[in-house]
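Dear colleague,

I am passing on a structure that I would like you to look at alongside my notes. The sequence and the coordinates come just below, and what was found in them follows.

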Amino acid sequence: MKNITTLILLFSLNCFSQSEKINFHAGFSHFDDTDGYEIATSFTKELNRYLDIEFGLSYANSSDFPKDYSFGDYLNQSYFFSKSSIFTLHTLLHVTFVKTTRHNFSFFGGLGYMFIDSVDNLNTLIDQNNFIFESDVESDRTFSNLIGVRYTYFLNNYGFGLDARVNKPFSSNDDFFGQDNYWSVNLLISKRFLK
């Protein structure tokens, strides 16, 4: 029994003591109707040759409001402007297909929890002197699923690469009118810690 316990302990240490990474990425995001940006940070731990687990957080923002937006300046136009901000806490499992000293390529999927805030302004002209203006400020909290792909090229213990992902709620909330999902393509910087 003692030998079996020792073998299990050695196997566990081998699986969970490979390497760790801290990642930062920033880039382009696309929502339903608008484009924006995403920034994120995460911690990745290698479980074994083929699997890594990642814990992270991201912030995505999108707005099609004009930079000079003022309610009074747009009274004589029909328009719809939207702005969304999404903060996500996530856990991802990476399935790694290429893992060498210099190259790391993986597909990933996982769960997130989204904090969504949005503002929507709608102005409809009825005639030259009348209009209908509607403004919604909404917040929503929901679980999401994330899927994506990542490639990192390492020079010593610093990595540079690309991360592409889709982040969307498990189920859509018909009462929520804001933009609650997006896809993104990011430049990645990573620091690897070998054990």
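To begin with the surface, Ile 22, Phe 24, Tyr 151, Tyr 153, Leu 155, Tyr 158, Phe 160, Ile 189 and Phe 193 together make a nonpolar patch of about 840 Å². Please keep in mind throughout that this is a predicted model. Four strands, namely β1 (19-30), β6 (130-155), β7 (158-169) and β8 (182-194), each contribute at least two residues to the nonpolar patch, and the largest share, three residues, is supplied by β6. One member of the patch, Phe 24, sits in strand β1, and Phe 24 is classed as partly exposed because its relative accessibility is 48%, which falls between the limits of 20% and 50%.

The loop between β6 and β7 holds Asn 156, a residue other than glycine whose phi is nevertheless positive, near 60°. With a relative accessible area of 67%, Asn 156 lies over the 50% cut-off and is therefore exposed.

The next residue I would point you to is Asp 120, which belongs to strand β5 (residues 103-127). Is Asp 120 buried or exposed? Its relative accessible area is 3%, under the 20% cut-off, so Asp 120 counts as buried. The side chain of Asp 120 is in polar contact with the side chain of Ser 82, at 2.8 Å. Although Asp 120 and Ser 84 are 36 residues apart along the chain, their C-alpha atoms are separated by 8.7 Å.

The pairing of the strands gives the setting for these residues. Strand β4 (residues 79-99) and β5 run antiparallel and are joined by 20 bridges, and within this pairing Ser 84 has Ser 118 of β5 as its bridge partner. The connection from β4 to β5 is a hairpin through three residues.

On the pairing of β5 with β6, how many bridges join the two strands? There are 24 bridges between β5 and β6, and these strands too run antiparallel; here Thr 124 stands opposite Ile 132 of β6. A hairpin through two residues leads from β5 to β6. Strand β6 thus appears twice in these notes, as the antiparallel partner of β5 and as the source of three residues of the nonpolar patch.

When you open the model, you might start with the patch and then follow the strands from β4 through β5 to β6, which are joined by the two hairpins described above.

With best wishes

How values were computed:
Residues numbered from 1 in each chain as written. Predicted model: local features only at pLDDT ≥ 70, side-chain atom pairs only at ≥ 80, totals over all residues. Heavy atoms only, no water. Patch = residues over 30% accessible without salt bridge, like charges linked within 9 Å, V, L, I, M, F, W, Y side chains within 5 Å. Areas by Shrake-Rupley, 256 points an atom, 1.4 Å probe, with all protein chains shown as cover. Salt bridge = Lys/Arg side-chain N within 4 Å of Asp/Glu carboxyl O. Buried < 20%, exposed > 50% of the residue type's maximum accessible area, 1.4 Å probe, protein only. Polar contact = N/O pair within 3.5 Å; in protein donor to acceptor, adjacent residues only side chain to side chain. Pairing = 2+ DSSP bridges.
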